[in-house]
Amino acid sequence: MKQANFSLSHEYTLRKAKLSDLWLIIFFIVKARLDPTQMKLQQFLVIEYHGRLVAFGQLRNFPLAQELGSLYVAPNFRNQGLGTFLIENLIIEATKPLYLKCVKKELMSFYTKRCFVTVDYQDLPNSLKSKFFLSQLRKKFLKGFVFFMKYKA
Ligand SMILES: CC(C)(COP(=O)(O)OP(=O)(O)OC[C@H]1O[C@@H](n2cnc3c(N)ncnc32)[C@H](O)[C@@H]1OP(=O)(O)O)[C@@H](O)C(=O)NCCC(=O)NCCS
């Protein structure tokens, strides 16, 4: 099995999400205004700190593609590499070409440094074109900030 480049200190545990995590994940997703689609627990990886859930992310499944999404780290735990560690481990788990949608200008360089490159809407797989259709309209006609990115190993 491939290993992530970065490792967590022993106080943290990376694991699959459990049923008991669901409400907290939903709470954080709503609070951070993240995309609430495909809330399938088996798609989530979470990080615990002394048994408390502090970060998570997921791989949404589509025909011929996956989307890295729901990436969240609790405010007090940011800038310590947890987000990067989750991304690395989700990349390892991915089995199809991996995409994401970035709606925050300040996170473009974050994803770029982690091997994601921007792709045009036209070049997305059809399944993601359908999902991102409204975002693309917002980008085109309302000049909303939206970028589609693809993982390039
Ligand atoms: C984005 C997020 C997951 C990053 O998690 P993290 O654990 O702090 O990430 P890491 O410690 O691995 O990396 C920190 C990096 O992220 C950058 N970063 C994180 N949030 C940032 C922000 N709001 N603005 C600018 N840079 C940000 C840091 O500058 C740092 O950059 P660098 O290491 O590339 O120089 C976290 O800030 C978060 O949960 N944000 C709220 C939810 C969200 O926006 N999710 C992403 C949806 S697309």
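## Strand pairing around strand 7

In this predicted model, strand 5 (residues 98-102) and strand 7 (residues 147-151) run antiparallel and are joined by 4 bridges. Within this pairing, Lys101 stands opposite Phe148 of strand 7. Strand 7 also pairs with strand 6 (residues 116-119), again in the antiparallel sense and through 4 bridges. Here Val119 is the residue that faces Phe148. Phe148 thus has Lys101 opposite it in the pairing with strand 5 and Val119 opposite it in the pairing with strand 6.

Tyr99 also has contacts with residues of this region. Apart from neighbours within four places in sequence, Tyr99 is in contact with Phe148, Met149 and Lys150, as well as with Ala65, Glu67, Leu124 and Leu128.

## The hairpins of strands 2, 3 and 4

Strand 2 (44-49) and strand 3 (52-62) are antiparallel and share 6 bridges. Tyr49 has Arg52 in strand 3 as its bridge partner. The hairpin has 2 residues between its strands, and His50 adopts a positive phi near 45° there.

Arg52 belongs to strand 3. Is Arg52 buried or exposed? Because Arg52 has 10 C-beta neighbours inside 10 Å, it counts as exposed; the limit for that class is 12 or fewer. The C-alpha atom of Arg52 is separated by 9.2 Å from that of Tyr12, although the two residues are 40 residues apart along the chain.

Strand 3 continues into a second antiparallel hairpin with strand 4, held by 7 bridges. Asn61 stands opposite Gln66 of strand 4. This hairpin likewise has 2 residues between the strands, and Leu64 takes a positive phi near 65°.

## Overall fold

The protein contains 5 helices and 7 strands. Along the sequence, these elements follow the order β-α-β-β-β-α-β-α-β-α-α-β. Of the contacts with a separation of 6 or more, 66% are made by residues 24 or more positions apart.

A compact globule of 153 residues would have a radius of gyration near 15 Å, and the protein agrees with this because its own value is 15 Å. Along the principal axes, the C-alpha atoms fill a box of roughly 45 × 30 × 30 Å. Buried residues account for 25% of the 153 residues.

## The nonpolar core

Nonpolar side chains tend to be buried together in soluble globular proteins. In this model, the largest nonpolar core has 29 residues, of which Val46, Ala55, Phe56, Leu68, Leu86, Tyr99 and Met149 touch the most other members. Strand 2, strand 3, strand 4, helix 2, strand 5 and strand 7 each give two or more residues to this core. Helix 2 provides the largest share, 5 residues. Two of the core residues named above, Tyr99 and Met149, are also in contact with each other.

## Surroundings of the ligand

The ligand is surrounded by 18 residues, and those that come nearest are Val73, Arg78, Gly83, Thr84 and Glu106. Strand 4 (65-73), helix 2 (82-93) and helix 3 (108-113) each supply at least two residues of this shell. By residue class, the shell comprises 9 nonpolar, 5 polar and 4 charged residues.

Strand 4 and helix 2 therefore appear in two settings: among the elements of the core and among those of the ligand shell, where the cut-off for a shell residue is a C-beta atom within 6 Å.

## Exposed helices and positive phi angles

Helix 1 (residues 22-31) lies largely in the open because the number of buried residues among its 10 is 1. Helix 5 (residues 133-142) is hardly covered, with a count of 0 buried residues among its 10. Arg33, just after helix 1, takes a positive phi of about 55°, and Lys143, just after helix 5, also takes a positive phi of about 55°.

Most residues other than glycine have a negative phi. Lys143 has a positive value although it is not a glycine. Lys143 is found in the loop between helix 5 and strand 7 and is exposed, with 8 other C-beta atoms within 10 Å. Asn79 is another residue other than glycine with a positive phi, near 60°. Asn79 is placed in the loop between strand 4 and helix 2, and it counts as exposed because it has 8 C-beta neighbours inside 10 Å.

Note on methods
Residues numbered from 1 in each chain as written. Predicted model: local features only at pLDDT ≥ 70, side-chain atom pairs only at ≥ 80, totals over all residues. Nonpolar A, V, L, I, M, F, W, Y, C, P; charged D, E, K, R; others polar. Pairing = 2+ DSSP bridges. Core = buried A, V, L, I, M, F, W, Y, C linked by C-beta atoms within 7 Å. Buried ≥ 20, exposed ≤ 12 C-beta atoms within 10 Å, placed from the backbone. Contact = placed C-beta atoms within 7 Å. Rg over C-alpha atoms; globule rule 2.2 N^0.38 Å.
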